[in-house]
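Hi,

Here is the structure I promised to pass on. Have a look at it first, and then read my notes below.

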Amino acid sequence: EARLDPNSLGLPYFHFEDIDSTNLEARRRAEKGVPHGALLATEYQSKGRGRLERRWIAPKGACLMFSLVLRPKLEMSLVFGLTNLAALAVCRALEEITGLEPKIKWPNDLYLSGVKLAGVLTEFASRAEQVEYVVVGVGLNVNLSRQDLAEIGSPATSLLSETGRSWDRARILAAVMRNMNGLYETFTKGDRRALVAEYEARSWLLGKEVSVRDGDEVKTGLFKGMAADGALILKGRTKEMLIRHGDVTVLSV
Ligand code: BTN
């Protein structure tokens with residue numbers, strides 16, 4: 001059950017005990033030509049990274065941390081839509097295995113009970129407007145105790161804390177890869193409407209009043225849904241806005 005499907009994304013597979021960051025290692029290996037589908041997972045990261053220069057902190061062995069290397073033939077404008085797939089793949093896998101239904105906080109955080117359960121950090125390299133590789137990194141709080149969670153500093157939860165039992169990380173990883181494989185095929189074949197609809201249905205922000213900060217710019221409005229390309233549609237007082245980057249704060253429920 002915990003084995004990676006040979007026809008699915010996730011091979012070659014590299015497992016580390018201790019590394020600076022699987023995203024950094026994946027980028028180094030991608031530069032040296034590691035193939036599409038390569039997967040790197042680790043027990044511990046000394047320099048785990050989150051979005052917006054944040055750190056990702058996890059005690060050894062408790063968190064599922066991995067990075068997937070993709071080499072899609074896509075225009076650059078579609079890359080950020082691709083990053084949404086990882087959030088969907090993790091949601092589906094968790095639903096299958098644990099029955100829990102996490103919600104996606106746009107763009108790429110998973111929330112459960114109103115706090116963070118997982119995060120996705122996507123990085124890519126391009127040459128002459130063509131995507132060379134994409135690294136999709138996921139950190140999922142699996143077996144973190146309440147004590148571990150308290151040490152993170154920002155509000156967070158784990159599967160252990162939500163369900164009162166521990167979970168097999170390898171089994172979850174295999175299910176994420178299987179789902180990612182199907183989602184990736186649908187995404188690259190072109191009909192992305194079903195994916196956008198699923199993302200929207202799993203969205204934590206739908207119908208909420210939010211503000212999105214991108215650098216010094218702050219936009220406020222109602223989260224109306226997702227555009228066909230995965231951008232967020234925000235309904236302001238006078239106009240609708242399409243948002244592709246930023247950090248979301250929920251203003252009201
Ligand atoms: C976020 O919450 O802002 C994203 C967190 C992403 C963390 C994962 S853990 C595996 C991979 N390697 C990293 O350094 N970061 C990602």
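To start with the record: at which residues does UniProt place the feature "binding site"? The unreviewed entry puts that feature at Ser-21, Thr-22, Asn-23, Gln-45, Arg-49, Gly-50, Arg-51 and Lys-116. Keep in mind that what you have is a predicted model, and that these positions come from the UniProt entry.

I looked at two of those positions in the model. Thr-22 sits in helix α1, which covers residues 22-31. Is Thr-22 buried or exposed? Thr-22 is buried, because 26 other C-beta atoms lie within 10 Å and the cut-off for that label is 20 or more. Apart from neighbours within four places in sequence, Thr-22 is in contact with Leu-40, Ala-41, Thr-42, Gln-45, Met-65, Phe-66, Ser-67 and Gly-137. One of those contacts, Gln-45, is also on the UniProt list.

Arg-51 is the other one, and you'll find Arg-51 in the loop between β2 (39-42) and β3 (63-70). With 16 other C-beta atoms within 10 Å, Arg-51 is partly exposed. Leaving out residues up to four places away in sequence, Arg-51 touches Gly-119 and Leu-121.

Now the overall layout. The domain assignment splits the chain into domain 1 (13-201) and domain 2 (209-252). Their C-alpha centres are 23 Å apart. At the contact between the two, 12 residues of domain 1 meet 9 residues of domain 2. On the domain 1 side, the elements that give two or more residues are α2 (79-98) and α6 (193-201), and α6 provides the largest share, with 4 residues. By class, that side has 6 nonpolar, 2 polar and 4 charged residues.

Asn-84 deserves a stop of its own. This residue is in helix α2, and Asn-84 counts as buried because there are 24 C-beta neighbours inside 10 Å. What does Asn-84 contact once neighbours within four places in sequence are left aside? The contacts are Pro-107, Tyr-199 and Gly-230. Tying this to the domains, Gly-230 is a contact of Asn-84 and its number falls in the range of domain 2 (209-252). Asn-84 and Asp-109 are 25 residues apart along the chain, and their C-alpha atoms are separated by 9.7 Å.

Next, the sheets. One is an open sheet of 7 strands with mixed pairing, in the order β1-β2-β3-β7-β6-β5-β4. At its edges are β1 (13-16) and β4 (103-105), each pairing on one side only. Neighbouring strands here are turned by 20 degrees against each other on average, direction ignored.

Within that sheet, β5 (residues 109-112) and β6 (residues 115-127) run antiparallel and are joined by 4 bridges. Leu-110 stands opposite Ala-118 in β6, and Leu-112 stands opposite Val-115 in β6. The hairpin of β5 and β6 has 2 residues between the strands, and Ser-113 takes a positive phi near 50 degrees there. How many bridges pair β6 with β7? Those two pair in the antiparallel sense over 10 bridges, with Val-138 in β7 as the bridge partner of Val-120. They also form a hairpin with 2 residues between them, where Ala-128 in the turn has a positive phi of about 50 degrees.

Two helices are worth picking out against these strands. α2 packs on the sheet and touches β4, β5, β6 and β7 (130-141), with its direction at about 30 degrees to that of β7. Helix α5 (residues 169-189) lies across β2 and β3, and runs at about 30 degrees to β3.

The other sheet is an open one of 5 strands, ordered β11-β10-β9-β8-β12, with antiparallel pairing. Its edge strands are β11 (240-243) and β12 (247-252), and each pairs on one side only. The twist averages 45 degrees from one strand to the next. Strand β8 (residues 209-214) runs antiparallel to β12, and 5 bridges join the two. Glu-209 stands opposite Ser-252 in β12.

That's what I have so far.

Cheers

Terms used
Residues are numbered from 1 along each chain as its sequence is written. This is a predicted model: local features need pLDDT of at least 70, side-chain atom pairs count only at pLDDT 80 or more; totals for chains, interfaces and linings use all residues. Domain bounds come from an automatic or database domain assignment. Two residues are in contact if their C-beta atoms, placed from the backbone, lie within 7 Å. Ala, Val, Leu, Ile, Met, Phe, Trp, Tyr, Cys and Pro count as nonpolar, Asp, Glu, Lys and Arg as charged, and the others, Gly among them, as polar. A residue is buried if 20 or more other C-beta atoms lie within 10 Å of its own, exposed if 12 or fewer, and partly exposed in between; C-beta atoms are placed from the backbone. Two strands pair if DSSP finds at least two bridges between them. Axes are lines fitted to C-alpha atoms, for helices over the stretch in contact, and angles run from 0 to 180 degrees between N-to-C directions. UniProt positions are given in the numbering used here, feature names are shortened, and annotations may be inferred rather than shown by experiment.
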